[in-house]
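These are my notebook entries on a structure that I looked up, written down in the order in which I went through it.

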Protein chains: 2
Amino acid sequence: MNEGIIEKSLNLIKKVDSLVLSTIDYEGYPNTKAMLKLENKNFDYFYLSTNTSSTKVKHIIRNPKATVYFYDEKNFIGLELIGKIVIINDEIIKSKLWKEEFKIFYKEGKDDPDYCILKFIPEKGNYYENLKNYDFKLR
Amino acid sequence: MNEGIIEKSLNLIKKVDSLVLSTIDYEGYPNTKAMLKLENKNFDYFYLSTNTSSTKVKHIIRNPKATVYFYDEKNFIGLELIGKIVIINDEIIKSKLWKEEFKIFYKEGKDDPDYCILKFIPEKGNYYENLKNYDFKLR
């Protein structure tokens, strides 16, 4: 069963353009924001981009526990991935992930100090389809 | 400025069919799931429905800190509401909120022991549009 669920989960990730990232704030509340999907290697890791100046980055430095959620609203299919998120300062990775259309977010381009890359590594997942939940472990 | 943001936020809530709820699990990770929007009175409270048997309900009993997120993916508009969530056992409220189409989730109808109502009360919000964030307090 798990193989089918893994495949369905990866298909959902491919299909959607955005994801929802939840992190933990200083008071222990979950904070949730939609973000563009950037790049992932199956379930090994997900790269996301955000603003260095955002409150989210400060929260992540304090607490790396995070959830990335993918959602197909029309078909009511959801994928929740729970794991840890870190800030990537490696200029080579940042340069590799840079896209020209990011200029609307980071005016100075890939060297903009506000251009920040996050790396999310999921530990487990939950896939939802046809009113049923499927849990799976990833490491 | 705040009045315009409050109005825009309420318009977004009216417009969308679903929302994303984040709670905190036993290990302190955020857990995130999409849910149908049920009923709200402006920013005073939001009613949501879920399964009594769900892990989410157990997490909420332990930790009421939660975030409800509304998202218009096409226009990249988002609304994050941060506050507390509780389980409602009042049969009158549960009966009032019941809809016949819920039978796909709760086969026994409004008396199904798995039919559970959650009440979310936001304390503050963040509205995102045109690449800009607007924070506001609600109490």
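Entry one, the two copies. I laid chain A on chain B and found an RMSD of 0.0 Å after a turn of 180° and a shift of 0.0 Å along the axis, the copies being superposed by least squares on the C-alpha atoms of residues with pLDDT of at least 70 in both. That is the relation of a two-fold axis. I then looked for the C-alpha of chain A nearest the axis, and it belongs to P30(A), at 2.9 Å. Both copies use the same surface, since 100% of the contact residues of chain A recur in chain B, where contact means heavy atoms within 4.5 Å.

I note here that this is a predicted model, in which local features need pLDDT of at least 70 and side-chain atom pairs count only at pLDDT 80 or more, while totals for chains, interfaces and linings use all residues. Residues are numbered from 1 along each chain as its sequence is written, chains are lettered from A and ligands numbered from 1 in the order in which they are written, and side-chain values use heavy atoms, with hydrogens and water left out.

Entry two, the interface. I found 35 residues from chain A and 35 residues from chain B in the contact. The buried area between them is about 2,800 Å², with 59% given by carbon and sulfur atoms; this is the accessible area (1.4 Å probe) that two parts lose on being put together, summed over both. Of the area that chain A buries against chain B, 22% is supplied by Y29(A), P30(A) and T32(A), more than by any other three residues.

Entry three, salt bridges. I looked across the interface and the rule finds two salt bridges, each a side-chain nitrogen of Lys or Arg within 4 Å of a carboxyl oxygen of Asp or Glu. K33(B) forms one with E80(A), and their closest N and O atoms are 3.6 Å apart.

Entry four, a loop. I turned to the loop between β7 and β8 (132-137) of chain A, where N130(A) lies, the strands being DSSP runs (E, at least two residues) numbered from the N terminus. Phi of N130(A) is near 50°, a positive value in a residue other than glycine, and N130(A) is exposed, with a relative accessible area of 63%. L131(A), also placed in the loop between β7 and β8 of chain A, has a positive phi of about 65° although it is not a glycine. L131(A) is partly exposed at 42%, where exposed means over 50% relative accessible area, buried under 20% and partly exposed in between (1.4 Å probe, protein chains only).
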